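Let us learn to read a protein fold, one feature at a time. Bring your questions.

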Amino acid sequence: MKVNPYIQFGGKCAQAFEFYRQHLGAKDIMLLPFRGSPAEQHAPPEWLDKIMHGSLSIDGEVLMGSDGMHGVPFEGMKACSLSLGVATPDDAERVFRALSDGGTVTIALETNFFASRFGMLTDKFGVSWMVICELPRA
């Protein structure tokens, strides 16, 4: 059994996935537009090229998402964050800087008692992230 995050992007799934490909090294698994799918009949013409279902692989982990349903507003991620574990403090700095560009930093990326780097932010697509580089284990 696996649990994968599935995010409704409110019409910005393609842009978000492109951003994650550029900054997180994500790779496409599947991108299915409404056009050509059984859901096409329920989508208005301006929604046909939006993503009905998509999935990305980020270092072997799967992130799924879609543009959602036309007319249903995207309200962001409430009480939920994606935790992104990275290997080095430099990776944490790079990823945090990229994800926070155009977004909002909740907790600045810093060294603390449980991590060599930890910070929280909401990216420009409304996705809440925790970036962590764990302390080396003895």
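The dialogue below takes up a sheet, a helix on it and a core, in a predicted model.

Q: What is the strand order in the open sheet of 4 strands?
A: Read a sheet from one edge to the other. Here the order is E5-E8-E7-E6, and the pairing is mixed.

Q: Which strands stand at the edges?
A: Look for strands with a single partner. Strand E5 (82-85) and strand E6 (104-110) each have just one, so one side of each lacks a neighbour in the sheet. On average, neighbouring strands of this sheet are turned by 15° against each other, direction ignored.

Q: How many bridges join strand E7 to strand E8?
A: Count the bridges, then check the direction. E7 (residues 115-122) and E8 (residues 128-134) are joined by 7 bridges and run antiparallel. In this pair, Thr 122 of one strand stands opposite Ser 128 in E8.

Q: Which strands does helix H2 touch?
A: List the contacts, then compare directions. Helix H2 (residues 89-100) packs on the sheet and touches E5, E6, E7 and E8. The direction of H2 makes about 10° with that of E7.

Q: Which residues have the most contacts inside the largest nonpolar core?
A: Start with the size of the core, then its best-connected members. This core has 28 residues. Phe 9, Tyr 20, Leu 24, Leu 99, Val 127 and Trp 129 have the most contacts inside it. Helix H1 (13-24), strand E3 (51-58), E5, H2 and E8 each give two or more residues to this core. H1 gives the most, with 6 residues.

Q: What is Leu 99 in contact with, leaving aside its neighbours within four places in sequence?
A: Partners farther along the chain are the ones to list. Those of Leu 99 include Phe 19, Tyr 20, Leu 84, Leu 121 and Trp 129.

Terms used. Residues are numbered from 1 along each chain as its sequence is written. This is a predicted model: local features need pLDDT of at least 70, side-chain atom pairs count only at pLDDT 80 or more; totals for chains, interfaces and linings use all residues. Side-chain values use heavy atoms; hydrogens and water are left out. Two strands pair if DSSP finds at least two bridges between them. Axes are lines fitted to C-alpha atoms, for helices over the stretch in contact, and angles run from 0 to 180 degrees between N-to-C directions. Contact means heavy atoms within 4.5 Å. A nonpolar core is a set of buried Ala, Val, Leu, Ile, Met, Phe, Trp, Tyr and Cys residues joined through side-chain atoms within 4.5 Å. Buried means under 20% relative accessible area, exposed over 50%, partly exposed in between (1.4 Å probe, protein chains only).
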